[in-house]
Amino acid sequence: MKVQRVLALTKKEMMKTIREPAVLFMIFLFPIVFVFAFGASLGGFGGSQTATYQVGVVNLDLGGSQHWSQVFTNNLSNMTILKVNVYTDNQTAQSDLSQGKIQAVILIPASFSDSITSYNTAPNHPSQWVNTTVPLYLDKGSLVATQAIPPIFQQVLGGMLNQNQQTTQSPIQLQTASLVEVKQSSALDFIAPGMFTFASIFLIMMVAQSFTQDRENGMMKRIRISPTTPTEFMASQVISYMGIALIQATLVFAMTYAMGFKPAVGVPAYVFAFILVLVFSVSNVGFGLITASIAKSSSAATGLSFLFVLPQLFLGTFVGASLSGDAQIAGKFVPSYYVTDALTSVFLRGAPLGSVTILVDLAVVSVSCVAILAIGIVLYAKYYKI
Amino acid sequence: MEESAIIIENLTKKFEDKTAVEDLSLQVSKGELFGLLGPNGAGKTTAINILCGLIKPTSGTAKIYGYDVQKDAQKVKELIGVCIQETAIYPYLTGVENLALFGNLYAMNKKTIKERSNMLLTKMGLTEDAKRITAKYSGGMKRRLSLALALIHDPQIAFLDEPTVAMDPQSRHAVWDFIKEQKTKGKTIILTTHYMEEAEELCDRIGIIDHGKLIALGTPKELIAKNQVKNLEEVFIQLTGRNMREEL
């Protein structure tokens with residue numbers, strides 16, 4: 001493999017990105033505009049603004065003097081990010097939720113206090129706990145609510161049980177909840193990890209268009225006539241789009257940072273995030289190649305690329321949490337889900353880079369990305385020689 | 001035999017039920033300017049694509065400088081330069097950037113790329129526009145740059161597939177002069193064209209191909225004399241028929 005050829009083709013691809021207005025917009029300006037518009041509508045600038053969520057609490061606790069459910073309600077009320085409305089019956093709360101007056105309803109079950117009491121009595125003996133499930137109803141139409149509210153409830157519950165973030169066993173299970181640190185978090189904080197993933201997904205369209213255009217105008221033929229090997233050509237494409245993904249991630253990060261996304265994590269976490277986005281971009285090159293294999297023209301490639309863009313977008317980024325349970329399960333079959341999950345874990349949950357969740361996410365992303373790229377190369381080579 | 005730059009033996013290419021090239025055998029000497037003529041769809045481009053290693057023949061062999069175009073494809077690619085039928089240039093690069101890119105693909109050093117680029121841009125009359133984005137070039141300028149790209153690495157053999165299409169007379173004559181100059185340097189050139197006067201002016205020998213078969217071979221004078229006509233165009237029409245064959 002001649003590095004000279006790879007570098008020349010890489011440089012050519014980067015020049016295209018800079019000089020073609022449509023490409024420039026889709027790859028760089030679109031994510032910036034998107035982050036700006038989305039971020040401004042959610043968190044504003046400077047990071048000083050925090051969102052406030054209207055939540056309803058229905059207390060059905062029968063245990064003892066309902067001491068723990070009162071503590072829980074008070075703790076929720078003390079969260080500046082929440083405005084708590086206490087309901088005496090679930091029906092009224094659900095009615096308000098359906099009318100959009102509140103964004104979530106939490107139902108404190110009858111065994112709530114008993115459950116916490118049992119935990120406090122024997123914190124190291126799960127078999128002696130009174131297990132209970134706390135149902136949480138969310139406004140499905142509120143993207144932010146589905147992302148932000150469950151972690152807040154989970155944090156308050158964890159605080160009552162004196163649990164840290166890494167504790168996995170608890171007598172109280174919150175439906176749809178995840179362990180997230182939410183102190184003074186803005187809505188943007190919950191959306192930002194998905195934005196990193198979001199921006200890179202549109203590389204699929206760019207790759208598909210690039211390959212089909214080069215095929216249409218004879219450039220692919222010209223490259224094939226030269227001594228450039230398929231390996232050199234593909235290496236240049238992967239390097240180019242990884243570079244573009246890196247620039248995208250930097251721009252998105254700069255934009256979100258300027259708008260107030262400042263997670264309390266160290267440099268290694270940021271390095272990890274960028275590496276993960278780079279690895280993820282490989283799958284987008286693969287999906288782009290698959291699209292180019294199917295598409296007969298560049299205009300067809302644009303449309304067909306959405307077959308891969310939309311599932312990645314809706315099932316794997318921040319949009320996913322507002323979808324149905326089935327759709328969320330389906331999200332586990334797209335690489336973007338694991339990228340967003342890992343970034344969320346690192347930035348919001350403060351999960352260590354060596355934690356099981358992060359390693360599993362990284363492994364899934366890496367393996368799937370290589371597999372998708374391989375499938376893309378094989379398909380493209382089968383139908384159109386590289 | 002050793003002086004042959006290209007040896008084609010019993011070359012056949014079938015696309016499903018259509019035979020594009022049928023049992024083609026041909027030798028082209030080193031330094032020869034060989035014209036491959038034929039109506040649209042006759043099989044000229046298919047034959048050239050096989051020689052360039054772009055498509056595999058159904059049967060038969062083709063060798064360039066002794067290298068089999070299939071088995072030694074990499075070596076063959078280093079020896080040949082191809083001006084393809086499409087005006088294939090990167091529209092978002094300047095003329096000089098396009099040349100530099102392909103110079104790098106042929107692993108040329110910077111100095112040689114610069115020298116060759118300057119020479120080719122001058123010969124093609126593109127010096128003033130060398131640093132303009134090629135998307136803004138006229139059709140003729142694009143064709144001339146396309147020819148320059150094919151020759152950036154100073155190949156031993158050049159395949160020029162209709163190189164003067166869409167050029168004005170001045171540009172066409174400039175390209176003819178350049179092609180003649182390449183011949184004087186000992187380069188082997190395979191030229192396909194629809195301009196009979198171009199073939200008559202430039203080619204040492206001409207092969208006329210129709211329905212995938214080589215139906216005539218000889219110098220322009222030999223073909224004219226043999227068919228008892230006034231010029232090559234009449235030879236062409238006499239041998240390939242008068243019916244229009246443009247595929248809609």
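**Exercise 1. Classify Val277(A) as buried or exposed, and describe its surroundings.**

Solution. Val277(A) has a relative accessible area of 2%. The model is a predicted one. The cut-off for buried is under 20% relative accessible area, so Val277(A) is buried. Next, place the residue: Val277(A) belongs to helix H11 of chain A, which covers residues 267–294. Then list its contacts, leaving aside neighbours within four places in sequence: these are Phe196(A), Ser200(A), Ala245(A) and Ala249(A). One of these partners, Phe196(A), is 81 residues away along the chain, yet the two C-alpha atoms are separated by 7.4 Å.

**Exercise 2. Determine whether Thr256(A) is buried or exposed, and find what its side chain reaches.**

Solution. Thr256(A) has 0% relative accessibility and therefore counts as buried. The residue sits in helix H10 of chain A, residues 230–258. Its side chain reaches a backbone oxygen, that of Phe253(A), at 2.9 Å. Not counting residues up to four places away in sequence, Thr256(A) touches Val35(A), Leu188(A), Ala192(A), Met195(A), Phe196(A) and Phe261(A). Phe196(A) appears in this list and also among the contacts of Val277(A).

**Exercise 3. State how chain A is divided into domains and how far apart the domain centres lie.**

Solution. The domain assignment gives domain 1 of chain A as 3–44 + 187–383, and domain 2 as 53–174. The C-alpha centres of these two domains are 37 Å apart.

**Exercise 4. Describe the interface of chain B and chain A by its area, its residues and its polar pairs.**

Solution. Start with the area. The two chains bury about 2600 Å² between them, with 60% of it on carbon and sulfur atoms. On the chain B side, Leu54(B), Tyr92(B) and Leu105(B) supply 29% of the area buried against chain A, more than any other three residues.

Next, count the participants: 29 residues come from chain B and 23 residues from chain A.

Then turn to the polar pairs. There are 11 residue pairs in polar contact across the interface, both residues at pLDDT 80 or more. The chain B elements giving two or more residues to this contact are helix H2 (73–79), strand E6 (80–83), helix H3 (95–105) and helix H5 (139–151). The largest share, five residues, comes from H3(B). By type, the chain B side divides into 19 nonpolar, six polar and four charged residues.

Finally, look for salt bridges. Two are found across the interface. One salt bridge joins the side chains of Arg19(A) and Glu97(B), at 2.5 Å from N to O.

Definitions and conventions. Residues numbered from 1 in each chain as written. Chains lettered and ligands numbered in written order. Predicted model: local features only at pLDDT ≥ 70, side-chain atom pairs only at ≥ 80, totals over all residues. Heavy atoms only, no water. Contact = heavy atoms within 4.5 Å. Buried area = accessible area lost by both parts, 1.4 Å probe. Salt bridge = Lys/Arg side-chain N within 4 Å of Asp/Glu carboxyl O. Polar contact = N/O pair within 3.5 Å; in protein donor to acceptor, adjacent residues only side chain to side chain. Helix = DSSP H or I, 4+ residues; strand = E, 2+ residues; numbered from the N terminus. Nonpolar A, V, L, I, M, F, W, Y, C, P; charged D, E, K, R; others polar. Buried < 20%, exposed > 50% of the residue type's maximum accessible area, 1.4 Å probe, protein only. Domains from an automatic or database assignment.
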